[in-house]
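Me: I should like to learn how to read burial, strand pairing and a chain interface. Please take the features one at a time.

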Amino acid sequence: MRRKDKIVKGGLHYYLQSTSGIIGAILLLFMVVASLCAAFGWLPHNPLDQNVDEVLKGPSGKYWFGTDQFGRDIFSRTFDGMRRSLTISIVAVSIATLVGVTLGILGGYLGKWFDLLITRLSDAVFAFPAILLALAIVSSLGNSWVDTALSIAIVYTPIFIRVARGPVLTAKEMDYIKVSRILGYSSPRILIKHILPNVTAPIVVQIALSLSWAILTESGLSFLGLGTQPPDASLGLMVADAQSLAAFAWWTLAFPSLFITIVVVGLNLVGDGLRDAMDPARRNS
Amino acid sequence: MSQLKPLLLVENLGISTVQDPRTLINDVTFEIHAGEAVGVVGESGSGKTLTSLSILGLLPRGVAVTAGSVNYNGMNLTTASPQQIRELRGSAISMVYQDPMTALNPVMKIGKQLLEVIESHEKLDANSDQRVRDALKEVGIPDVARAMQSYPHEFSGGMRQRVMIAMALLLSPKLLIADEPTTALDVTIQQQILSLVAEQRQKRNMSMLWITHDLGVVANLVDRLIVMYAGRIVESGTVKEIFTNPQHPYTAGLLSSLPTTADKSRKRLTSIAGVPQKPWLVGQSCAFAPRCFKVQPECRTQIPHLVGNLEKSVACFHPMGAL
């Protein structure tokens, strides 16, 4: 009977069996709630409001995380910055996943010239350091958040091509795929119903990891003055602004940095938890 | 034997690599009639697996049919479109794979995997679930409802092979190809699987092509035997003929290397001296000549062709003769 319960509960049940998964899920929940609060404007202060009377005040009952050099509330700016960073990362990683996985799976399965073309193209993209290429693209596209997302997507697509293509190459040679051909399954069926489910685990983990890297890339771009533009808040931009202030106003640097850490660690833990939950053989152990 | 048209007719089949052509299979001719079970015996590299894959149109990349034809039920499979062959595979011609441990999709439940077979050849309907249950019950899976909800790793090798057999038999194929399906199993489980296949074959009057390197395994399972050596058929005939009156020195050597329970003398097993030839290196000679104890000068300059009838044919200039 216990077996049956397990089956009904399905994937979430397995996910919640791993400690890192639970911690990751809690952090993710926090990020989502915080971003939603920011999106609906449920913040103690307007993140853009300046107040010359209260410049560089430390954390207090009124300003929980203190204020910056323009008297803006760091708590509200951190939440709003996280929302912006997450939005850009999610859009960027979604595009990269969709394009990269499709190309990678087709390349791995079809092989021949198509595979050669996409692997060479992704090698070309890989030849440049990610942040440098993103810099080049964003400076030619523009500074809106869509441009930033697009440039991160372009840089991250080859990662997904590789992550999808490798397991497809392995899966294609597996006995159960040979058996699928022996039993007369059509190519689309083999690709979608038999190969794809066997390569989803690394792809899902890669999505979680890429989201955290994309947050870092976005922070990096904003830090360098591309990406998000003042007075809008972004975690990276706040860290950049806090650079010269940190020596005497630690809160300006500490809280944005802490939130970058929370987001990156949280998403990494979610990736770990998903990896464990998506392997049927690992589940029962 | 029967005057009816054979279900499967392989004629002068030649297979070789595409680049740097190397012959892998040469001039292979045999037939399987409806309801008949034929065993193919040979060492690794003798071409038995390639022969079976060519019937399914699934030769590995870089290997192609270069001569002859494979006819199934009057349809030439060497010239048929990939789509036509795909429709035959799994429904009319099916196959049980060698290694059950890796032959099932690890992330799909057993029940779903069997439904896939139906779905890829027919429309799923209300009846499909029941068909899958029946198929699993028929191959001796206990607690079918639970089995359908299980993943392959929860099953033992023997159970997985039963599932594979259920998948292969699900659409009632006319011809079942079995490529050493018991090699990876324990001896006791082997016996169970063999009797399961024999029983199903009898019940369905299904034709069978059983590929093995183990003469002992096929003796009770098939009607006729084909012995392959270095990409050619060296001898074929009924099981009785081959076992009691082998004509090719290679077949005789194989049989004398089988251990028997009757012989209590504790002698060393007889073996055939030398190693098998690569088919593409044979040239104009009998491939077995370097290892043959009856070898004559013409064996080294001419290719012996298969001569005889369904009950007995041999490709040898100097057969063993009557015992």
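Reply: This is a predicted model, in which local features need pLDDT of at least 70, side-chain atom pairs count only at pLDDT 80 or more, and totals for chains, interfaces and linings use all residues. Residues are numbered from 1 along each chain as its sequence is written, while chains are lettered from A and ligands numbered from 1 in the order in which they are written.

Me: How many residues of helix α9 of chain A are buried?

Reply: A residue is buried if 20 or more other C-beta atoms, placed from the backbone, lie within 10 Å of its own. Helices (H or I, at least four residues) and strands (E, at least two) are DSSP runs, numbered from the N terminus. In α9(A), residues 235-242, 7 of the 8 residues are buried, among them A:Leu237 and A:Asp241. The buried residues pack against α3, α8 and α10 of chain A.

Me: Which residues lie on each side of strand β3 of chain B?

Reply: In a regular strand the side chains alternate between the two faces of the sheet. In β3(B), B:Ala37, B:Gly39 and B:Val41 are on one side, B:Val38 and B:Val40 on the other, and all are buried.

Me: With which strand does β3(B) pair over 5 bridges?

Reply: Pairing requires at least two DSSP bridges between two strands. The partner over 5 bridges is β8(B), in the parallel sense, and B:Val38 stands opposite B:Leu209 there. Strand β9(B) also runs parallel to β3(B), joined by 4 bridges; B:Val40 has B:Ile226 as its bridge partner.

Me: How many residues of chain A are in contact with chain B?

Reply: Contact means C-beta atoms, placed from the backbone, within 7 Å. Here 18 residues of chain A contact 26 of chain B. The elements giving two or more residues to the chain A side are α7, α8 and α11.

Note on methods. Buried ≥ 20, exposed ≤ 12 C-beta atoms within 10 Å, placed from the backbone. Contact = placed C-beta atoms within 7 Å.
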